[in-house]
Amino acid sequence: ISLWGYNPMSKLPASIRFNNPGAQYPGKSSSRFGSIGTEVIGGGHKIALFDDPVKGAAAQFDLLNRAYSGLPLSAAIQKWSGGNSSSEYVANIARATGLAPDSVLSPELLSDPSKVLPLVKAMARHEAGQDYPMNDQQWTDALNLALGRDAAAPSRPAAVPSSIVAA
C-alpha cells in the first residue's frame with residue numbers, strides 16, 4: 001500500500017483505485033475538486049487521483065457541465081472517451097439511462113438529479129467495467145458539491161439558548 005492509500009499493483013479498475021468514477025484526465029475540474037496527483041494507466045493515458053470518490057464524482061459532474069453541455073450524448077461520449085470504443089460506450093449509456101444517442105446534454109439535464117445521476121453512474125460503470133462502489137447518497141453529495149448546493153452539508157444541531165446554558 002502506498003502513501004495515497006492504494007496499491008498500484010491492485011487488480012481493481014483504475015477508476016476505482018484512484019477514486020475517479022469518470023476516469024477523467026487531470027485538468028481544471030479535477031484540480032477544483034481536490035485531485036491529489038496523476039497516474040499513467042494503460043495506453044499511456046493520464047488519470048487524476050482523488051482521496052475520496054465523492055470528490056472524483058464532483059469533478060466528473062463539473063467537467064460534464066463545463067465542457068459537454070450542449071452536445072448530443074453520442075458526441076459527448078466520443079469526446080469523453082477520446083473515441084475509445086465510443087459506439088459501445090454510447091450504447092451502454094443509452095441502454096442504462098433511456099437517453100437516445102441524439103439526446104442533448106442540456107444544462108437542465110446536467111443539473112436534474114433524475115437525469116444526470118443515471119448518466120454519471122452509467123459512465124462510471126462503463127469506465128470500471130462493473131458497478132462503481134458509491135451509494136446513492138454519495139452520488140447526490142457529489143452532484144450537490146459540483147453545483148455548489150448546500151444540500152450535502154451535514155445538518156447542525158440547534159443552538160442551545162443562552163438562558164439554558166449554566167453560567
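**Exercise 1. Decide whether Gly 37 is buried, partly exposed or exposed in this predicted model, and describe its surroundings.**

Step 1. Take the relative accessible area of Gly 37, which is 24%. Buried would require under 20%, and exposed over 50%. Gly 37 is therefore partly exposed.

Step 2. Place the residue in the fold. Gly 37 belongs to strand 1, which covers residues 37–40.

Step 3. List its contacts, leaving out residues up to four places away in sequence. Gly 37 touches Ile 47, Ala 48 and Leu 49.

Step 4. Compare sequence and space for one further pair. Asp 51 is 14 residues from Gly 37 in sequence, and their C-alpha atoms are 9.5 Å apart.

**Exercise 2. Work out the order of helices and strands, and how many residues count as buried as a percentage of the chain.**

Step 1. Count the elements: the chain has eight helices and two strands.

Step 2. Read them along the sequence. The pattern is α-α-β-β-α-α-α-α-α-α.

Step 3. Turn to burial. The chain has 167 residues, of which 38% count as buried.

Step 4. Check the range of the contacts. Of those between residues at least 6 apart in sequence, 60% join residues at least 24 apart.

**Exercise 3. Determine whether Ser 81 is buried or exposed, and find what its side chain meets.**

Step 1. Ser 81 lies in helix 4, residues 73–81.

Step 2. The relative accessible area of Ser 81 is 15%. The limit for buried is under 20%, so Ser 81 is buried.

Step 3. Look for a polar partner. A polar atom of the Ser 81 side chain lies 2.8 Å from the backbone oxygen of Ile 77.

Step 4. Set aside neighbours within four places in sequence. Ser 81 is then in contact with Ser 86 and Tyr 89.

**Exercise 4. Describe the largest pocket and the residues that line it.**

Step 1. The volume of the largest pocket is about 570 Å³.

Step 2. Its lining has 29 residues, and those closest to the centre are Ala 23, Tyr 25, Trp 80, Ser 81 and Glu 127.

Step 3. Assign the lining to elements. Two or more residues come from each of helix 1 (14–17), helix 2 (28–32), helix 3 (53–67), helix 4 and helix 7 (113–128).

Step 4. Sort the lining by character: 10 residues are nonpolar, 14 polar and five charged.

Step 5. Inspect the backbone at Ala 23. This residue is in the loop between helix 1 and helix 2, and its phi is near 55 degrees, a positive value in a residue other than glycine. Asn 19 is also found in the loop between helix 1 and helix 2. Asn 19 has a positive phi of about 55 degrees, although it is not a glycine.

**Exercise 5. Find which residues touch the most other members of the largest nonpolar core, and which helix gives the largest share.**

Step 1. The core has 37 residues; Phe 61, Ile 93, Leu 119, Met 123 and Trp 139 touch the most other members.

Step 2. At least two residues each are supplied by helix 3, helix 4, helix 5 (86–97), helix 6 (107–111), helix 7 and helix 8 (136–147).

Step 3. Helix 7 gives the largest share, eight residues.

Step 4. A second, separate core has five residues, among them Ala 14, Phe 18, Ile 47 and Leu 49.

Step 5. Take Met 123 as an example from the largest core. Not counting residues up to four places away in sequence, Met 123 touches Gln 60, Leu 64, Ile 77, Trp 80, Tyr 89 and Ile 93.

How values were computed:
Residues are numbered from 1 along each chain as its sequence is written. This is a predicted model: local features need pLDDT of at least 70, side-chain atom pairs count only at pLDDT 80 or more; totals for chains, interfaces and linings use all residues. Side-chain values use heavy atoms; hydrogens and water are left out. Helices (H or I, at least four residues) and strands (E, at least two) are DSSP runs, numbered from the N terminus. Buried means under 20% relative accessible area, exposed over 50%, partly exposed in between (1.4 Å probe, protein chains only). A polar contact is a pair of N or O atoms within 3.5 Å; within protein, one must be able to donate a hydrogen and the other to accept it, and residues adjacent in sequence count only if both atoms are side-chain atoms. Contact means heavy atoms within 4.5 Å. On a 1 Å grid over the protein atoms alone, a cavity is a set of points where a 1.4 Å probe fits but cannot get out, and a pocket is an open set with protein on both sides within 12 Å along at least five of seven lines; lining residues have an atom within 4 Å of a point. Grid points are joined across faces, edges and corners, and a volume is the space filled by probe spheres set on the points. Ala, Val, Leu, Ile, Met, Phe, Trp, Tyr, Cys and Pro count as nonpolar, Asp, Glu, Lys and Arg as charged, and the others, Gly among them, as polar. A nonpolar core is a set of buried Ala, Val, Leu, Ile, Met, Phe, Trp, Tyr and Cys residues joined through side-chain atoms within 4.5 Å.
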